[in-house]
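Q: I am new to this structure and would like a close look at a single part of it. Please take your time and set that part in the context of the whole chain.

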Amino acid sequence: MITEIKNDIAAISAYSDAFNKRIRIDDYSGDTHGVLALITESTPAWAEKIIVKSRNQHATVFLSGGFIREAEIKKYFNGSDMFFLVKYPLTQRGNSAKLMDERKVVTSILDQKYSVTEVDASTVALAKEADAKELAELYAKVFQVYPTPLNDPAYVRKTMEEGTKYVLIREQNRIVSAASAEINRQYANAELTDCATLPEARGKGHIKKLLSKLEEILIADNIHCLYTIARAESYGMNKVFYQLGYSYGGMLINNCFIYSGLEDMNVWYKGGTKPKV
């Protein structure tokens, strides 16, 4: 749930995420010290993690208020960089036993020779509201735990109505793979997310095709900054974004409940892409 909180000198747009025991400040305005005070005053007792999407020029204020930098997305705010600055009211939430192993995964990917190859996305279709039920069934089969209720057709339809783009691949007249783009038109960016493939349909490059199709749709729609937040444990997903030309932006520690539990997430971004003339 997004709540707008303001006083005479500052305002924040806070996403209260009780399921993941965190709050996220998606936007803010006014005096930055006043913004910091509003965040402190409005943080609920159950929140174990606070995330602020900070503009570059305001980072020092948040850092002086006890926040630390975990990741970044370049060009996020209409061409200006964004930093994920975090604070942990519950100290142990900021400690991950898997951190060293997951950093080795990223290093092994970044050490590979980089080359972008053309992807044939001709089998990818843009989803319609009529596909919501089958999409929800796909997500229910793939994920035991997920940060949002994608196993609910009504939720999928609602996100479609709000502007989220879903793409899908069918085999034998059933959806076997899907992904989505959550679009922020105010700042011309989009998060590529909700990537899922049925076990029996894996190993065919479906996710690359889906993401390539989403990029095509978004760039044509004047969305210039693309990013994702991928499971740090997933070698395959992180490698896919690297191979598609995304830059590594850092790791969000114990960020959300996904797949089977609370997990660290890697940030990848591709910023400043201009549509072809």
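How far is the sulfur of Cys256 from the closest cysteine sulfur, and in which residue does that closest sulfur lie?

A: This is a predicted model, in which local features need pLDDT of at least 70 and side-chain atom pairs count only at pLDDT 80 or more, while totals for chains, interfaces and linings use all residues. Residues are numbered from 1 along each chain as its sequence is written, and side-chain values use heavy atoms, with hydrogens and water left out.

The sulfur of Cys256 lies 13 Å from the closest cysteine sulfur, which belongs to Cys195, and this is too far for a bond, since a disulfide is defined as a pair of cysteine sulfur atoms within 2.5 Å. Cys256 has a relative accessibility of 4% and therefore counts as buried, a term that means under 20% relative accessible area, with exposed meaning over 50% and partly exposed in between (1.4 Å probe, protein chains only).

Cys225 can be described in a similar way: the cysteine sulfur closest to its own is again in Cys195, at 16 Å, which is too far for a bond, and Cys225 is buried, with a relative accessible area of 1%. Across the structure there are zero disulfides.

To set these cysteines in context, buried residues make up 51% of the 277 residues in the protein chain. The chain's secondary structure comes to seven helices and 13 strands, where helices (H or I, at least four residues) and strands (E, at least two) are DSSP runs numbered from the N terminus. Its radius of gyration is 19 Å, close to the 19 Å that the globule rule gives for 277 residues, so the chain is as compact as a globular protein of that length; the radius is taken over C-alpha atoms, and the rule is 2.2 Å times the number of residues to the power 0.38. Along its principal axes, the C-alpha trace spans about 55 × 45 × 40 Å. Among the contacts in the chain with a separation of 6 or more, 65% are between residues 24 or more positions apart, contact meaning heavy atoms within 4.5 Å.

Thr123 offers a residue in another accessibility class, for at 46% relative accessibility Thr123 counts as partly exposed. Thr123 lies in the loop between α3 (99-110) and β7 (124-126), and, leaving aside neighbours within four places in sequence, Thr123 is in contact with Leu168, Ile169 and Lys209. Thr123 and Glu171 are 48 residues apart in sequence, and their C-alpha atoms are 9.5 Å apart in space.
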